[in-house]
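This report describes a structure made of protein chains. Please keep the sequence and the model in view while reading.

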Amino acid sequence: MHASAKLFLLTALVAAPNALLAQGNPDWLVDTLYGSGKINTVIAVVAVILLGLAFWLYRLDRRIARMENHHRP
Amino acid sequence: MKHWWWKFLAVALVLAASITALRTPLAPAIVHVEPATLQPGTRHAIEVLGYRTQFVPNEVIAYIENGGQFVPAGRVDVIDDTHARIHMYVPEGLREDMSDLLVTAPGAGTMRLFDAFYNPVKGSGATHDIAAEMTVHHRKGFAFPNRNLLYETIRNLNFHVPMWFTMMMLQTVSLVFSILVLRSGAELHDRGAVAAVHASLLFAMMGLVTGSIWARATWGGWWTTDAKLNGAAVTVLIYLAYLVLRGSVTDRAKRARLAAIYNVFAYVLMLLFIMALPRMTASLHPGSGGNPAFSQYDLDSSLRPVFYAAVLGWMGIGAWLLNLRYRLARLEILQEDARIR
């Protein structure tokens with residue numbers, strides 16, 4: 001993938017949720033996510049779990065790369 | 001497909017549980033009262049703030065509960081859907097420090113704000129101006145319990161707790177591998193035990209960090225010197241020591257046996273520090289020190305199905321991570337053996 005394509009994808013990923021939110025919140029979103037306090041705590045918790053899984057993938061990736069290097073002539 | 005079904009099932013369970021955990025609305029509740037201190041023997045006008053309530057004039061019933069005694073409201077003025085003013089006479093002689101507020105409103109059932117009021121003057125029980133009994137109405141529809149202090153963070157139950165269940169499952173798998181090592185001495189089993197400990201530590205770290213964030217929002221500190229919290233931290237250290245111990249021995253056969261013996265002890269200590277000790281001491285953490293884990297919050301069992309799905313799903317994800325590492329370890333052994341030859 002070209003660098004410009006990557007940049008476009010990243011921008012789209014970051015911008016898309018904001019664009020959706022700007023169109024007015026559906027009721028369930030108001031009720032569940034913004035209704036009362038401390039929802040950011042839940043968001044942080046979910047983020048930590050996703051980052052943890054990403055860290056695991058990174059470690060696995062490194063291990064596989066090490067094996068591949070052994071096999072390289 | 002034969003080897004894939006459980007991985008798909010795990011992802012589906014985690015997805016379904018996570019979406020439900022985030023989307024389910026919180027139940028209607030009383031979230032604020034003013035004033036929060038009662039003066040026994042006087043009339044009160046108490047302002048209440050509801051969350052997702054629909055107060056209707058003449059259909060809101062309010063009581064204060066103190067030590068099993070119910071004090072009925074004289075009149076409830078409804079201001080709008082979420083604001084009302086409760087007029088009541090608070091009799092002298094209430095026995096407990098704290099009183100709960102019970103408000104019954106259309107569609108919301110009976111909402112209880114725990115420890116809503118502080119009662120500075122205690123007695124041996126009120127003798128007049130109390131109700132003989134009170135009817136509790138149950139709410140219909142699927143919603144999570146809305147508890148003061150917790151509020152939205154009750155959703156974290158479905159993220160934080162499954163991490164620990166998965167950790168314990170992986171450590172149990174590791175124990176089984178270690179017992180197999182002690183019986184057979186096979187290196188592959190040793191590698192399996194290590195892979196399981198590695199995966200369990202990932203979940204333990206995610207459990208610690210998510211718990212810390214949750215503690216900050218509800219208890220006010222990132223860490224408290226609580227038996228459950230410190231027990232969990234010590235468990236992580238014990239399993240880190242397993243990795244250090246195993247890494248310090250170079251002889252492959254000796255390393256496998258030594259690590260296996262330590263792992264058996266580590267498992268027993270884990271059970272002691274996470275399951276046994278916290279139940280015997282005072283603790284803020286639910287599920288320890290006599291605190292109920294579920295029953296206190298989940299009166300209508302709306303959390304349970306979501307929670308169980310999340311636990312099963314995350315255990316499946318944990319098993320998948322272990323499965324990948326185990327297969328990789330098997331290839332590594334083959335590679336090392338090939339190089340030696």
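In which sense, and over how many bridges, do strand β5 (residues 75-78) of chain B and β6(B) pair? The two strands pair in the antiparallel sense, over four bridges. Strands pair if DSSP finds at least two bridges between them; helices (H or I, at least four residues) and strands (E, at least two) are DSSP runs, numbered from the N terminus.

This is a predicted model, in which local features need pLDDT of at least 70 and side-chain atom pairs count only at pLDDT 80 or more, while totals for chains, interfaces and linings use all residues. Residues are numbered from 1 along each chain as its sequence is written, and chains are lettered from A and ligands numbered from 1 in the order in which they are written.

**Strand β6 of chain B**

β5(B) and β6(B) form a hairpin, with four residues between them. β6(B) is also joined by eight bridges to strand β2 (residues 42-51) of chain B, and these two strands run antiparallel. One bridge from each pairing is listed below.

| Residue | Partner in β6(B) |
|---|---|
| B:V48 | B:A84 |
| B:R75 | B:H87 |

The side chains of β6(B) alternate: B:A84, B:I86, B:M88 and B:V90 point to one face and are buried, whereas B:H83, B:R85, B:H87 and B:Y89 point to the other face and are not. A residue is buried if 20 or more other C-beta atoms lie within 10 Å of its own, exposed if 12 or fewer, and partly exposed in between, with C-beta atoms placed from the backbone.

B:P91 lies in the loop between β6 (83-90) and β7 (98-105) of chain B. Why does B:P91 count as partly exposed? The reason is that B:P91 has 19 C-beta neighbours inside 10 Å. Its C-alpha atom is separated by 6.9 Å from that of B:H128, although the two residues are 37 apart along the chain.

**Domains and core**

Chain B is divided into domain 1 (30-118) and domain 2 (152-340), with bounds from an automatic or database domain assignment. Taken over C-alpha atoms, the centres of these two domains are separated by 45 Å.

The largest nonpolar core has 95 residues. Such a core is a set of buried Ala, Val, Leu, Ile, Met, Phe, Trp, Tyr and Cys residues joined through C-beta atoms within 7 Å. α3(B) gives the most to this core, with 15 residues. Among the residues with the most contacts inside the core is B:V103. Leaving aside neighbours within four places in sequence, B:V103 is in contact (C-beta atoms, placed from the backbone, within 7 Å) with B:I30, B:V48, B:V60, B:A62 and B:M111.

**Chain A and its contact with chain B**

Chain A has three helices and zero strands. Of its 73 residues, 8% count as buried. Helix α3 (residues 39-71) of chain A has 33 residues and should span 48 Å at 1.5 Å a residue, and its end C-alpha atoms, 49 Å apart, agree with this; the expected span is 1.5 Å times one less than the number of residues. The buried residues of α3(A), including A:V45 and A:I49, pack against α2 and α3 of chain B.

The contact takes 29 residues from chain B and 22 residues from chain A. On the side of chain B that touches chain A, α3(B) supplies the largest share, eight residues.

Definitions and conventions. Contact = placed C-beta atoms within 7 Å.
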